[in-house]
Amino acid sequence: MKNLVTSLNNPSPFGAMVRKEIAGHIRSWRFIVLLMLLLLTFWGSMYISLSNIRTAVSNAQDPDALFLYLKLLTTTDGTLPPFHVLLNFLGPLLGISLGFDAINSEQQGGTLTRVMAQPVYRDNLLLSKFVSALLMLSVLFLALAMLMTGGGMMLTGVRIEPEEVLRILSFIVLCVVYIGFWLGLSILLSIRFRQAATSALTAIGIWLFFTVFYQIVISLAVKAFIPRSHALTESDVLHYNEIILNLLRLAPSQLYTDATTTLLMPSIRSLGPVTMEQMAGAIPTPLPFGQSLLIVWPQVSGLIAATMVCFALSYYLFMRREIRS
Amino acid sequence: MDNAIIELRGLTKCYGSLKAVDDLTLTINKGEIFGLLGPNGAGKTTTILMMLGLSEPTAGTARVCGYNATNTPIAVKRKVGYMPDSLGFYDNMTALENLVYIGELNGIPRSEVRERAVEMMDMVGLRNEDLHKKTSAYSRGMKQRLGLADVLIKQPDVIILDEPTLGIDPSGVRDFLGLIRQLSRQKGITVLLSSHHLHQVQQVCDRVGIFVKGKLLVEGSLDTLSKNLFTERYYEVQVTVRQAITTPWKHEPDLLQLPAVQKLAVDGPTIDITCTRDTTPDIVRFFVERGYDVTGVHRKEYGLDEIYQTYFENNLTEAATP
C-alpha cells in the first residue's frame with residue numbers, strides 16, 4: 001500500500017507521458033470531431049436496430065433471436081449498415097487520425113528534442129503515444145457498449161445473458177485491436193515521413209487500397225490463373241474458393257469483418273464454404289462463446305500480429321533516428 | 001584535472017563521408033562558463049547531442065558528470081539540462097503545464113512539481129500573469145526564458161545552451177546572458193553555450209573554444225587567445241585630428257622614427273598607427289607638438305571578433321590552397 005502511494009506521488013515518466021497525451025487528445029478539436037462522428041454512427045445504427053428489434057427477436061427461424069443485445073448491435077432494415085460494419089470504415093479513420101502526426105509534429109515543433117533531453121527512454125515516447133490512444137478508445141467503446149445495454153434494458157426490460165456480456169466485451173476488444181492496427185500503421189508513417197500531411201495521405205491511401213482496390217486486384221489475379229469453371233470438380237472449386245478467401249484475409253478489414261460477425265452472430269459456424277455433407281445433421285443452434293472464439297482466433301492473432309509488426313518497425317526506425325528538427 | 005565535469009576524448013562523428021566532428025578533445029571544469037564558438041554547420045549541435053547521448057559518436061568517448069554519455073544517457077540526462085536551438089513547446093498547453101510536464105518527466109513528485117515550476121518561472125523573470133498563458137502567445141524572448149526555466153527545473157549540474165541568443169533583441173540578449181551568469185555563479189552550475197554571436201559570448205564566458213569544420217582550432221580564455229594571436233601587432237592606435245591630412249603627409253617619416261612604430265595609414269582626418277609596444281602617449285605628444293588639433297585617440301584592443309575573423313581567414317586560405 002505504501003508502495004502504491006509513493007508510486008502515485010512520484011509518477012513514472014511514462015505515466016506522465018501517457019497522461020499528457022490523453023489530455024492533449026481530449027482537448028483537441030480533432031478528437032471532438034471524431035467523437036461526434038462516432039456518436040452519430042452509434043446513435044443512427046442503434047435507432048434503426050431499436051425500431052426493428054421486435055421483428056428481429058420474434059423471428060422464430062433465426063437461431064440467434066434469443067440474444068437481444070447482440071441483435072441490437074446487428075439488426076438493420078437496410079437503410080444503414082449495422083454498427084460493426086460501419087466501424088469497419090470508421091475504425092481506420094479513428095486510428096489514422098489519432099496517430100498520423102504523432103512523431104513528426106513533435107519533430108517539426110521542436111518539442112521532440114526537448115523531451116528527449118529529459119531522462120526518459122526513447123521508446124517510452126512511442127509507447128505512450130500508442131497506449132494513450134488505445135486507452136482512450138477502450139474507454140470510449142466500453143462506454144458506448146454500456147450505453148447500449150443500459151438503454152436496451154430500460155426499453156425492453158430483458159435480462160442480459162452472461163454469454164452476451166462476454167461476446168460484447170470481446171467485440172470491444174476486437175474493435176480496439178483493429179483500430180490499434182491502423183494507429184500503429186499511422187504512427188509508423190509519422191516516423192517515416194517528416195510532413196504530417198504526407199503521412200496522413202499515405203495512411204489514407206493504404207486504407208483506400210484495402211477497402212476498395214484490394215478485392216478487385218485479388219479477383220483479377222485469381223481469374224487469370226483459375227481454369228475455366230466447367231472443367232472443375234467440386235473439390236477444386238472449394239480449394240480455389242479457400243485460396244481467394246485467404247488472400248482476401250490479408251486485408252485487415254476482412255479479418256475484422258470475419259471476427260466481428262462470428263462474435264456477434266453466434267449461429268455462424270464457419271467462415272469458409274461449407275459442403276452439404278458437413279451441413280447434414282447440423283442443428284441450426286447458436287454456438288457457445290468458446291467455440292465462436294475458436295473460429296475467430298486466427299483472425300484476432302492476425303490483427304495483433306499486424307499491429308505488432310507496425311509497432312516493431314516504428315521502434316526500429318525511431319531508435320536510430322536523428323532527433324534534431 | 002580532478003574537477004573536470006565534461007571530458008571529451010577523440011570524439012568523432014561522421015555522416016557518410018562528411019566528418020561533422022573530427023577528433024575533438026576538450027575538458028570543461030566544474031563551475032565554468034564555456035563558450036563553443038563557430039559558424040553554422042561547424043558541428044556544435046552534433047557535439048552537444050553526443051554529450052547527451054542523443055547521437056552516437058563514430059569514435060571517441062564523451063564523459064559528462066562522470067558518466068559515459070553513449071552508454072548511460074539516462075544518468076547523464078538527469079544531471080544535464082539542455083536547451084535546444086529551436087525551442088518548441090506544446091502550444092495547446094499553458095506555460096506552467098509545459099514546465100510541470102518536464103518536471104514530471106524528471107521524476108519530481110507531483111506534490112512538489114507545481115510549486116517548483118512557479119518558483120523557476122519567477123527566477124527566470126516571467127511574470128505571474130504569464131504562467132497561464134498558452135505558449136503559442138509567448139514572444140521569442142519569453143520562450144527563451146521559459147526554456148531556461150525548463151532546463152533549471154531538474155536542478156542540473158550542467159546546463160548546455162545551444163544558440164541561446166538566437167532571435168532575441170540586443171537588450172533581451174544582455175538580460176538573458178546576465179541571468180545565465182548570475183545563476184551559474186550562485187549555484188555553481190557549469191554552463192556550456194554554443195553560439196556564433198561573438199560579442200555576446202565575450203560578455204559571459206570564462207573560456208571559449210573556436211570550432212570550425214568539426215575541429216577545435218583553439219581554446220582558452222580571451223586574454224590568452226588574443227595574446228597568442230597578435231604577438232606582432234598587438235597595439236593599434238587610431239588618432240583623429242580636426243583637419244583632414246593631405247597625402248603625402250610631411251610628418252610621416254618623423255612619426256615612423258618613433259620607437260616601436262611599425263607602420264601607419266592615413267585616411268583623411270584619421271591616422272592608424274600600428275606599433276609593437278603601447279606607445280600611445282608618445283604618439284599623442286608627437287601630434288600635439290606639431291600643432292594638430294587632436295579630437296580623438298582610440299587604442300584598439302583585439303576582441304573576439306578579430307580573433308574569430310583571423311582564425312576564419314587562416315582557415316579559408318588553408319582551404320583555398322590545399
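## Salt bridges and the A–B interface in a predicted two-chain model

At 30% relative accessibility, Asp282(B) counts as partly exposed, and the residue is a useful entry point to this model, which is predicted. The side chain of Asp282(B) meets that of Arg285(B) in a salt bridge, with an N to O distance of 3.3 Å. Both residues belong to helix α10 of chain B, which covers residues 280-289, and they stand 3 residues apart, about one turn of the helix. Arg285(B) is itself partly exposed, its relative accessible area being 46%.

**Salt bridges within the chains**

Side chains of opposite charge can pair when their charged atoms come close. Over all chains the count comes to 25 salt bridges, and the table sets out some of them, including one that joins the two chains.

| Residue pair | N to O distance |
|---|---|
| Glu163(A) and Arg167(A) | 3.1 Å |
| Arg127(B) and Glu129(B) | 3.1 Å |
| Asp282(B) and Arg285(B) | 3.3 Å |
| Glu97(B) and Arg27(A) | 3.3 Å |

In chain A, the pair Glu163(A) and Arg167(A) lies in helix α9, which runs over residues 162-192, and because the two residues are 4 positions apart there, they are separated by about one helical turn. The partners differ in how they are classed by accessibility: Glu163(A) is partly exposed, with a relative accessible area of 23%, whereas Arg167(A) is buried, with a value of 0%. Arg167(A) counts as buried because a relative accessible area of 0% falls under the 20% cut-off.

In chain B, the salt bridge between Arg127(B) and Glu129(B) involves an acidic partner that counts as exposed, since the relative accessibility of Glu129(B) is 53%. Beyond such pairs, chain A also holds a network of salt bridges, in which Lys20(A), Glu21(A), Glu106(A) and Lys129(A) are linked.

**The interface between chain A and chain B**

How many residues of each chain take part in the contact between chain A and chain B? On the side of chain A there are 30 residues, and these are in contact with 35 residues of chain B. Between them the two chains bury about 2900 Å², of which 53% is on carbon and sulfur atoms.

The count of salt bridges between chain A and chain B is 3, one of them being the pair formed by the side chains of Glu97(B) and Arg27(A). There are also 10 residue pairs in polar contact between the two chains, counted where both residues have pLDDT 80 or more. On the side of chain A that touches chain B, at least two residues are supplied by each of α1 (2-9), α2 (13-27), α6 (104-109) and α7. The largest share of that side, 7 residues, comes from α2(A). By residue type, the side of chain A that touches chain B divides into 12 nonpolar, 9 polar and 9 charged residues.

Helix α7 of chain A, which spans residues 111-116, contains Thr113(A). Leaving out residues up to four places away in sequence, Thr113(A) touches Ile323(A) in its own chain, together with Tyr82(B) and Pro84(B) across the interface. Is Thr113(A) buried or exposed? Thr113(A) is buried, with a relative accessible area of 4%.

**Overall organisation of the chains**

Chain A contains 14 helices and 0 strands, and its C-alpha atoms fill a box of roughly 65 × 55 × 40 Å, taken along the principal axes. Of the 325 residues of chain A, 47% count as buried. Among the contacts in chain A with a separation of 6 or more, 81% are accounted for by residues 24 or more positions apart.

For chain B, the domain assignment gives domain 1 (4-228) and domain 2 (232-300), and the C-alpha centres of these two domains of chain B lie 45 Å apart.

A closer view of chain B is offered by Gln144(B), which lies in helix α5, residues 140-152. Gln144(B) is buried, with a relative accessible area of 0%. Setting aside neighbours within four places in sequence, Gln144(B) is in contact with Met83(B), Leu87(B), Glu163(B), Pro164(B), Leu166(B), Ile168(B) and Phe176(B).

Terms used:
Residues are numbered from 1 along each chain as its sequence is written. Chains are lettered from A and ligands numbered from 1 in the order in which they are written. This is a predicted model: local features need pLDDT of at least 70, side-chain atom pairs count only at pLDDT 80 or more; totals for chains, interfaces and linings use all residues. Side-chain values use heavy atoms; hydrogens and water are left out. Domain bounds come from an automatic or database domain assignment. Buried means under 20% relative accessible area, exposed over 50%, partly exposed in between (1.4 Å probe, protein chains only). Contact means heavy atoms within 4.5 Å. Buried area is the accessible area (1.4 Å probe) that two parts lose on being put together, summed over both. A salt bridge is a side-chain nitrogen of Lys or Arg within 4 Å of a carboxyl oxygen of Asp or Glu. A polar contact is a pair of N or O atoms within 3.5 Å; within protein, one must be able to donate a hydrogen and the other to accept it, and residues adjacent in sequence count only if both atoms are side-chain atoms. Ala, Val, Leu, Ile, Met, Phe, Trp, Tyr, Cys and Pro count as nonpolar, Asp, Glu, Lys and Arg as charged, and the others, Gly among them, as polar.
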